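Please look through the model below with the following notes beside you. They are numbered so that you can take them one at a time.

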Amino acid sequence: MASSLTVSNVDAGYGAVRVLEDVSLTVEAGETVALLGTNGNGKSTLMKSIMGIVRPSAGRITATIDGASHELVGRSTEEIVDLGIAFVPEGRRLFPKQTVTENLLLGAYRPKARSAIARNLDFCFETFPRLKERARQLAGSMSGGEQQMLALARALMSSPRVLLIDEPSVGLAPLLVSRTIDKIKELKEGFDLTVLMAEQNFTQAVRIADRGYVIVHGRIAFAGESAEALNNNELIREFYLGA
Amino acid sequence: MDGSLGLLLNAVVSGLLLGGFYAAVSIGVAISFGMLDIVNIAHPAFILLGSYVAYLANTLLGIDPLLTAVIALPAFYLLGMAVYQVYYLSFERRQDQSLRGLSFFFGLLFIAEVTLVLIFGVDYRLVQAPYIGPSLHLGWLELPLRLLVPFLVSMLMVVGLQLFLTRSFTGRAIEAVAQDPLALRLMAADPTRIKRVAFGLSFATAAIAGAILIIIQPVEPSIGREYIGRIFAICVLGGLGSFSGMVIAAVTLGVVESLTATFFGPSWAPAVSFGVLLVTLAVRPSGILGR
Ligand SMILES: Nc1ncnc2c1ncn2[C@@H]1O[C@H](COP(=O)(O)OP(=O)(O)O)[C@@H](O)[C@H]1O
Ligand SMILES: [Mg+2]
């Protein structure tokens with residue numbers, strides 16, 4: 001059944017510092033939506049607002065999970081994850097002293113995910129054979145690319161319906177970036193997910209995105225209804241393509 | 001068998017048994033300090049509370065101290081959860097835990113000790129049980145049941161907790177909570193609840209450790225202090241967060257102390273055991289099995 005996300009007129013920030021102003025966006029069921037913007041424009045703040053890590057001072061955030069609608073503002077992060085919304089945060093935030101397998105099993109903490117644990121684990125190991133090879137290695141001792149894979153796999157262990165990913169390409173070598181983006185597409189299809197992905201790497205993000213939003217100084221500056229519309233947009237040419 | 005070899009082997013074996021006892025008194029701190037980063041130096045005082053509960057039930061009702069410990073487990077668990085809640089509300093929530101948190105547990109240590117002194121006085125107390133006194137003789141080997149039974153109970157407790165921590169969802173969350181509480185939220189777990197459960201468990205071990213303590217030796221309210229240094233040494237030596245390391249460290253310390261006491265006299269034991277600690281940490285700063 002359908003799962004989607006709607007952000008309506010959200011203001012949010014840190015203490016007295018207002019970062020997001022009147023932000024609205026939607027991610028329809030089954031879509032991959034890119035949230036584009038250079039450093040410091042509020043991509044992470046928006047993701048944190050959706051996840052209940054930053055509390056919006058105005059606006060509504062609604063998630064529809066398998067047909068049931070939930071207001072997210074005011075809920076704790078763990079409640080939001082429990083609804084079926086997984087988040088791969090900036091910096092990945094693995095448990096560095098736990099092994100790969102332990103990290104993955106922690107991903108399945110959500111009661112709804114526990115019955116699917118064997119199937120999800122197989123799927124993760126199939127998609128990321130490297131993780132299977134390193135199953136007993138400590139997460140903190142792995143390379144950046146492997147850590148990003150583990151972070152994605154761990155998020156999927158919670159059997160999510162909606163997946164938020166904050167800058168999957170950060171800190172990865174160019175070849176790994178495109179491979180990671182491909183993997184996200186593969187996971188999205190395998191799990192039938194609805195995806196919102198923040199990226200600075202415009203070219204890579206647009207490869208797999210159905211649509212995208214450009215965020216500038218905490219406001220949605222442009223909503224591109226297709227990858228093509230994004231490619232042809234002036235703002236994007238200015239910011240990303242150096243034209 | 002040659003006399004001095006028999007002496008050596010008996011010293012090693014009683015060291016192993018002593019190590020089992022050390023593991024029982026250390027496991028609560030291995031959870032609170034090793035996994036939650038909470039410096040609960042009051043733990044030995046609550047072990048003594050466990051001893052006195054066992055003492056009361058034994059003298060007044062004739063109940064076996066180990067049975068008392070099992071019955072008292074839920075109460076200790078709840079007490080631990082309550083202590084954590086107070087600690088959380090007063091310190092941790094305000095990011096104020098390091099030094100003030102330490103003084104909180106110092107305070108708790110003295111309050112618990114003074115309470116025990118007021119109720120029970122400073123005389124040594126002991127318990128009666130069928131396994132206190134007799135020994136098992138296996139050839140040249142002498143196994144005092146007073147040490148063997150606590151050893152087995154302690155190992156049972158360690159293995160049980162280890163299985164819980166590695167096989168259950170709550171247990172795995174306990175092992176991870178100190179590394180990144182926000183990441184744990186992203187796994188749909190509430191870090192405060194997880195810590196409360198873990199702290200409750202660490203207190204529950206004090207019920208068992210207390211019973212074991214009063215089986216092994218008579219107690220008075222302040223002897224817990226003798227163990228504070230040893231307990232933290234064992235946890236650091238084993239490697240914080242590792243039960244298996246903690247057990248290895250406890251047993252090593254037990255054997256080293258027992259050998260030292262046998263061949264050089266008991267007064268050397270603490271110096272030698274802390275020597276072992278320092279040397280190990282110089283070679284392996286994260287402890288025997290620290291990650
Ligand atoms: N924890 C914080 N406290 C105060 N200001 C912050 C914090 N995190 C981010 N900011 C500010 O919010 C703005 C947007 O940051 P962020 O959402 O991280 O942008 P992006 O993810 O697009 O790089 C920046 O100006 C940044 O300095
Ligand atoms: Mg960011």
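1. Start with the aromatic rings. The model is predicted, and the count over all chains comes to 19 aromatic pairs. One of them joins B:Phe46 and B:Phe203, whose ring centres are 4.6 Å apart. Their planes meet at 45°; that falls between the limits of 30 degrees for stacked and 60 for edge-to-face, so the pair is tilted.

2. Where along the chain do B:Phe46 and B:Phe203 sit? B:Phe46 belongs to helix α2 (residues 43–61) of chain B, and B:Phe203 to helix α8 (residues 191–216) of chain B. The two are 157 residues apart, and the pair links distant parts of the chain. Both B:Phe46 and B:Phe203 are buried.

3. A further pair involves helix α8 of chain B. B:Tyr84 and B:Phe199 form a tilted aromatic pair, with 6.0 Å from centre to centre and 45° between the planes. B:Tyr84 lies in helix α3 (residues 65–90) of chain B, while B:Phe199 lies in helix α8 of chain B, 115 residues apart. Here too, distant parts of the chain are linked, and B:Tyr84 and B:Phe199 are both buried.

4. The rings of these two pairs also belong to a cluster linked by ring pairs. Its members are B:Phe46, B:Tyr84, B:Tyr87, B:Tyr88, B:Phe91, B:Phe104, B:Phe105, B:Phe199 and B:Phe203.

5. Turn next to chain A and ligand 1. Which residues surround ligand 1? They are A:Tyr14, A:Val19, A:Thr38, A:Asn39, A:Gly40, A:Asn41, A:Gly42, A:Lys43, A:Ser44 and A:Thr45. By character, this shell divides into two nonpolar residues, seven polar and one charged. Helix α1 (residues 43–50) of chain A gives the most to the shell, with three residues.

6. Several atoms of the protein lie at short listed distances from oxygen atoms of ligand 1. For A:Gly40 the atom is a backbone N or O, 2.7 Å from a ligand oxygen. For A:Ser44 a side-chain N or O atom is 2.7 Å from an oxygen of ligand 1, and for A:Thr45 the corresponding side-chain distance is 2.5 Å. On its own, ligand 1 has 560 Å² of accessible area, and the protein covers 61% of that.

7. A:Ser44 should be read a second time, with the magnesium ion (ligand 2) in view. The protein donors of this ion are A:Ser44 (OG) and A:Glu90 (OE), at 2.0 to 2.4 Å from it. A:Ser44 is in helix α1 of chain A, whereas A:Glu90 is in the loop between β6 (85–88) and α3 (100–107) of chain A, 46 residues apart.

8. Are these two donors buried or exposed? A:Ser44 has a relative accessible area of 13%, so A:Ser44 counts as buried. A:Glu90 has 45% and therefore counts as partly exposed.

9. Finally, check two backbone angles. Most residues other than glycine have a negative phi. A:Ser159 has a positive phi, near 50°, and is found in the loop between α7 (144–156) and β7 (162–166) of chain A. Phi of A:Glu167 is also positive, near 45°. A:Glu167 is placed in the loop between β7 and α8 (174–191) of chain A. Its relative accessible area is 7%, so A:Glu167 is buried.

Notes: Residues numbered from 1 in each chain as written. Chains lettered and ligands numbered in written order. Predicted model: local features only at pLDDT ≥ 70, side-chain atom pairs only at ≥ 80, totals over all residues. Heavy atoms only, no water. Near = heavy atom within 4 Å. Polar contact = N/O pair within 3.5 Å; in protein donor to acceptor, adjacent residues only side chain to side chain. Areas by Shrake-Rupley, 256 points an atom, 1.4 Å probe, with all protein chains shown as cover. Helix = DSSP H or I, 4+ residues; strand = E, 2+ residues; numbered from the N terminus. Nonpolar A, V, L, I, M, F, W, Y, C, P; charged D, E, K, R; others polar. Donors = N, O, S within 2.8 Å, 3.2 Å for Na, K, Ca; no water. Buried < 20%, exposed > 50% of the residue type's maximum accessible area, 1.4 Å probe, protein only. Phe/Tyr/Trp six-rings, centres within 6.5 Å; stacked < 30°, edge-to-face > 60°.
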